[in-house]
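Me: Please take a close look at one part of this structure, its loops, and follow them out to the helices and strands around them. I would like one connected account rather than a list.

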Amino acid sequence: MPAAVEFFNEKKAVVLFFALAFFGLLNAVLQFCVSYVPVTELIDPLPGAYAWYFPEKMRYFSVYLALLPVTLVFAGVFFYFYGFNKKYSDLFKSKDAKFKFYFFLFFAAANFALLIDFNAFTKSAVWLVLLFTPFINYGFIYEKISAIPTKITDKVSFYALLIFSVFFLFIFAPLVFSPPKIINEYLNIPEQTKLKDGSIVDNFGYINEIGLWGYHKRFDFRKDEDIYSGNSVYLSDTDAVKTFVSLKAITEKDIQKINNLTDASVLPVYFMAGERLAVTGVFPESDLGILMQIAVNNEEKESLLKLYEKMNREKKQLDSRQRFFKKVNALETEWQVINRGVLHHNTLVFNPCYEMFKLNKPVREINFMYGFLNTYFIGKIMQVSGSFSLGSMMRIAFSFYVFYVLAAFFISRKMFADIKYVFINTAAAVISCLGTSYFYIVLAVGYNPMRHFFDIFVAFFLYMYVKGNEKKYIFIALFFAMLSIGINPHFGIFISGGLFLTLGIKYLLEKNKTDIVVSALIPALAVPVYVFSNVGAQASQKYFLYGMAGFPVSPSVVLAIMSVIFAAYVLSAYFRKAVPEKRYTALFFLFYLQGALFYYITCPQKDHFMPLFVIAAFTVSAFLSMISENISAKSKNFIFTLVAAVFLCIFLSDGRDFVKSKRKFDTVFKNHVTYKWDLPNTDFISTMNPDFFAGSKALIEKYSQNENSVSMISMYDLLLLLITDKYNNLYNNDIANALVTRDEIDKIKERFDLLKPQYLFADKDMKRRYGQDIISPQYMNVYTYNESLWRVLRLESVKEVFDYMIGDYEPAESSELITVYKRKN
């Protein structure tokens, strides 16, 4: 009998049988959910309210929820048959090894045939693994790797850890100790670019001069000029023209159409600019034919033909100077079009801080997006230090990365002792930062470990309690679990739930009264702490589940996650006689990780998984620590070497991408004129000129005097409210991204009707057509073009709010950016 067949002895055949049966059961539940769980349908979404809307997201989220208990139950069934009931496990010993080997292949084929959601590449890879795994000479690989002396692996771990640490400090020291850098995130705010020859050009003027955006000019609030001349024609104002424009308008019905655009399917966008029909994107021949029939005279037809010929010429070839300009402006242009970058994400923490500490806004109206207590603590630190600014808040937020990595290092030293464990966990903490790219570190507080900062502290004190049976440690763990709920209700519940389940299992096995007492205290304390800390306006959170703000999780990803979780349960039961403190710590991390994965499942992209990478690494370390007590030194060395190699590969791959993203970010500030912002609550460096906002600041303060709030409809509201110490009494800040459904627009109207403010602050160009802001795909790429469509649609929604309010108002005074409107009566 071949060695490959002999490899599948009785014990391994039993494990494979149950593992594959479990995989088949997962498939069955998954197919049921996909077939019968309905999709989520939002009621009357606003035109272009969000770029990403996937109604099937709730369906796949339910798959994850359904498979969690299935995984746990099946793990119990597995160990009833395999670990505890000799009668049933003996059945497999009577089978011929060769039969079991081919049965395994047949069972695998049957199960993987159900994976209709796997792409062809994944299916091929799985089949190759299934086909060739039995023929790999594991013995040779095992002997070679396990023979490496422990001293060498320890030294390699130490020096690798040193390199990781130096690299980490090199990245984060400037972030913590220097003013943060914020790119210009407003498409309509001018900036200046430094070209290779040393000359400095105004971006707006240069783009219009050489036609980089296509055949239309970009809007410039500093100039009163005809911006539609290059891409428009005069057409008589007939019903046929109005019908054509209305039929070609992009609405919420085109969501998936826009999301699926490719280079070959750019959508034309038409809008009326006075008596002119303006065209952006492309001008297809089919539309030309319709318009030629609509045109009322030969002059209009000739104008249409000329515009068609001009817009369908070959793509403009850029010279080296123009290519350089385009390259160094690419990052900023992309985020200006997205219109929800660093300012949007970081003010989700800073705005609640200054609203709470400086403006005395009612807490129930403050949007605590990332949790109450961490916002409160950051605000308190800024208040005590006397440096209350967005720049200070960002530096404090960056500090959490450093403190968390340090905590991971010291807790790993205490819990696991072995330098290899310390390397795995500390390296994972560094990788969790690298994996999000440099720009995302600066961009979003949502990736910050401050949201789950005390999770490893809970694990550590649980470990100390089980190890020494000292009651004080479990009560300290309980304190940090409750504090975690206050810090962030979502992660706090996952942490507390993990502790609750772990102590419950410990009580069932050991009958320790302290375990049941603390286990009972967890829900008793968690409910009031959750109610206390889950305060403020949380209007947008529900939309993450509805399918807004994030792609749906792939069923194949859910299957992979469940397979790993099942394997962890298998290991937990198989090594149930391991040292207690290691066994229960591993269980805590396993339970906690399953909850924390909800963060990833709601938006299953790499940058949402990387903050959980350190949690996953601690889980792996806890299991390795538990397993290492029950295997040979050679096997232990083999496993550690493989894990370390995996971490090293991830570090090299993500580290390279991280350095590239940092270089790209730094290039923006190297090749643009920059400004040190010293307006109130700022303290950062930016490519935006603060002078454009200073005039609006004076105007707002003049007409709001000593009031803490204003009524504002502006795409610049984040910065304008920031520098004037005001909050928007109509709705939460960043109104351009707050209007998700009809519900939000109705609430703003109701609030406006209730307040009837004396003054209304709105963008000076609020009455213009935003279609001119659509960026031609020839300038950037189809993705940026798509986002520019969504940006226009979102701003049109804001204009709808403005049009509802403006009837009883008249202009009072204007700055470069905004106009103050005064109520007529």
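**Loops and their surroundings**

Reply: Asn469 lies in the loop that separates helix H20 (455-468) from helix H21 (471-487). The model is a predicted one, and in it Asn469 has a positive phi of about 55° although it is not a glycine. Its relative accessible area is 49%, so Asn469 counts as partly exposed, given that a residue must be over 50% to be called exposed.

A second asparagine deserves to be read beside it. Asn339 also is not a glycine and has a positive phi, of about 65°, and its place is in the loop between H14 and helix H15 (342-357). Here the relative accessibility is 9%, and Asn339 therefore counts as buried, the limit for that class being under 20%.

The helix before Asn339 leads on to a packing contact. Two packed helices are described by the angle between their axes and the distance between the axes. For helix H14 (residues 320-338) and helix H29 (residues 633-670), the angle is about 105° and the axes are 9 Å apart, which means that H14 is roughly perpendicular to H29. On the H14 side the contact involves Val328, Leu331 and Glu332, which meet Lys664, Phe665, Thr667 and Val668 of H29. Sorted by class, the residues where H14 touches H29 are four nonpolar, one polar and two charged.

Another loop, the one between strand E12 (759-763) and helix H34 (782-805), holds Asp765. With a relative accessible area of 10%, Asp765 is buried because the class takes in values under 20%. Once neighbours within four places in sequence are set aside, Asp765 is in contact with Asn188, Phe219 and Tyr770.

The strand that precedes this loop belongs to an open sheet of four strands, in the order E10-E12-E14-E13, with mixed pairing. Strand E10 (712-713) and strand E13 (809-814) are its edges, each pairing on one side only. Strands of a sheet pair through backbone hydrogen bonds, either parallel or antiparallel. Between E12 and strand E14 (residues 818-823) the sense is antiparallel, over five bridges, and Phe761 stands opposite Val820 in E14.

A turn elsewhere gives a glycine to set beside the asparagines. Strands E5 and E6 form a hairpin with two residues between them, and in that turn Gly274 has a positive phi of about 70°. The two strands run antiparallel, and five bridges join E5 to strand E6 (residues 276-280); Val269 stands opposite Thr280 in E6. Strand E5 (residues 269-273) is mostly covered, four of its five residues being buried.

A further open sheet, of three strands in the order E1-E8-E7, has mixed pairing as well, and strand E1 (181-182) and strand E7 (675-677) are the edge strands, each of them paired on one side only. E1 pairs with strand E8 (residues 684-686) in the parallel sense over two bridges, and the bridge partner of Ile182 in E8 is Ser686.

As for the setting of these loops, the protein chain has 34 helices and 14 strands, and 58% of its 825 residues count as buried. Among contacts with a separation of 6 or more, 76% join residues 24 or more positions apart. The chain exposes about 35,300 Å², of which carbon and sulfur atoms supply 62%.

Notes: Residues are numbered from 1 along each chain as its sequence is written. This is a predicted model: local features need pLDDT of at least 70, side-chain atom pairs count only at pLDDT 80 or more; totals for chains, interfaces and linings use all residues. Side-chain values use heavy atoms; hydrogens and water are left out. Buried means under 20% relative accessible area, exposed over 50%, partly exposed in between (1.4 Å probe, protein chains only). Contact means heavy atoms within 4.5 Å. Accessible areas come from the Shrake-Rupley method with a 1.4 Å probe; for residues, only the protein chains shown count as cover. Two strands pair if DSSP finds at least two bridges between them. Axes are lines fitted to C-alpha atoms, for helices over the stretch in contact, and angles run from 0 to 180 degrees between N-to-C directions. Angles under 35 degrees count as roughly parallel, over 145 as roughly antiparallel, 65 to 115 as roughly perpendicular and the rest as oblique. Ala, Val, Leu, Ile, Met, Phe, Trp, Tyr, Cys and Pro count as nonpolar, Asp, Glu, Lys and Arg as charged, and the others, Gly among them, as polar.
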